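Dear colleague,

Please find below the structure that I am handing over to you. A summary of what was found in it follows.

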Amino acid sequence: MQLDDADTAAAAIPARVPLGTLSPDMARLDAEIKQITHAIRMAAYNAETALARALDGHYARASDEAYALIREALTISGDIRPGPGELLIRLDPLTAPRRTQALAALCDQLTAARARYPGTDLVLRYKVKSHPNPA
């Protein structure tokens, strides 16, 4: 009896409900905005994946921790120093020396690509600061 009542109640609920009835102040994204958002997400994912793959051979735990290392590297602080013909990006060391070494190897690969900062002739050079010596 309860099962039949539950089935009847479930059948009365519409499969689709207009967005405006649930939350009148909510609006659907325009198709163009949604496509731009998806394109940015895909580009970020592809960049993260390419950087994670570049760690292979430089980081013993790359198969397990590459994405975590890349996420950490993308959130650390550092400095940007313009110089003659180059733009030096100096990153602070990561949480562990082995992670910092892997990031340094990745920086060497990125520097070797000799990419230029968009709209300029400045070549990007990446470096990781050394760990401070404990006092």
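**Summary of findings**

L69 touches L55, Y59, L94, R99 and A102, not counting residues up to four places away in sequence. Please note that this is a predicted model.

L69 belongs to helix α4, which spans residues 62–75. With a relative accessible area of 0%, L69 is buried, because the limit for that class is under 20%. L51 precedes L69 by 18 residues in sequence, and their C-alpha atoms are 9.8 Å apart.

**The nonpolar core**

The largest nonpolar core contains 19 residues. The residues with the most contacts inside this core are L55, L69, I70, L103 and L106. Two or more residues each are supplied by α3, α4, β2, α5 and β3. The largest share, five residues, is that of α4.

I70 is in contact with E48, L51, A52, L55 and L106, once neighbours within four places in sequence are left aside. Among these partners, E48 is located in helix α3 (residues 31–54). E48 has a relative accessible area of 16% and is therefore classed as buried. Besides I70, the contacts of E48 include Y67 and R71, again not counting residues up to four places away in sequence.

**The sheet**

Three strands make up an open sheet with mixed pairing, in the order β1-β2-β3. The edges are occupied by β1 (78–83) and β3 (123–128); each has a single partner strand, so one side of each has no neighbour in the sheet. From one strand to the next, the twist averages 20°.

Strand β2 covers residues 86–91 and runs antiparallel to β1, to which six bridges join it. In this pairing, I80 is positioned opposite I89 of β2. Helix α5 (residues 97–112) lies across β2 and β3, and its direction is at about 165° to β3.

**Salt bridges**

Side chains of opposite charge can pair when their charged atoms come close. In the whole structure, nine salt bridges were found. Three of particular relevance to the elements above are described here.

The side chains of E65 and R99 form a salt bridge, at 3.6 Å from N to O. This pair links distant parts of the chain, since E65 is in helix α4 and R99 in helix α5, 34 residues apart. Both E65 and R99 are buried. R99 is also one of the residues that L69 touches.

R90 and D79 meet through their side chains in a salt bridge of 2.9 Å, N to O. R90 is in strand β2 and D79 in strand β1, eleven residues apart, and the pair links distant parts of the chain. R90 has a relative accessibility of 22% and so counts as partly exposed.

A salt bridge also joins E86 and R125, whose closest N and O atoms are 3.0 Å apart. Because E86 lies in strand β2 and R125 in strand β3, this pair ties together parts that are 39 residues apart in sequence. E86 counts as partly exposed at 24% relative accessibility, and R125 counts as partly exposed at 31%. Finally, D79, R81, R90, D92 and K129 are joined into one network by salt bridges that share partners.

Yours sincerely

Terms used
Residues are numbered from 1 along each chain as its sequence is written. This is a predicted model: local features need pLDDT of at least 70, side-chain atom pairs count only at pLDDT 80 or more; totals for chains, interfaces and linings use all residues. Side-chain values use heavy atoms; hydrogens and water are left out. Helices (H or I, at least four residues) and strands (E, at least two) are DSSP runs, numbered from the N terminus. Buried means under 20% relative accessible area, exposed over 50%, partly exposed in between (1.4 Å probe, protein chains only). Contact means heavy atoms within 4.5 Å. Two strands pair if DSSP finds at least two bridges between them. Axes are lines fitted to C-alpha atoms, for helices over the stretch in contact, and angles run from 0 to 180 degrees between N-to-C directions. A nonpolar core is a set of buried Ala, Val, Leu, Ile, Met, Phe, Trp, Tyr and Cys residues joined through side-chain atoms within 4.5 Å. A salt bridge is a side-chain nitrogen of Lys or Arg within 4 Å of a carboxyl oxygen of Asp or Glu.
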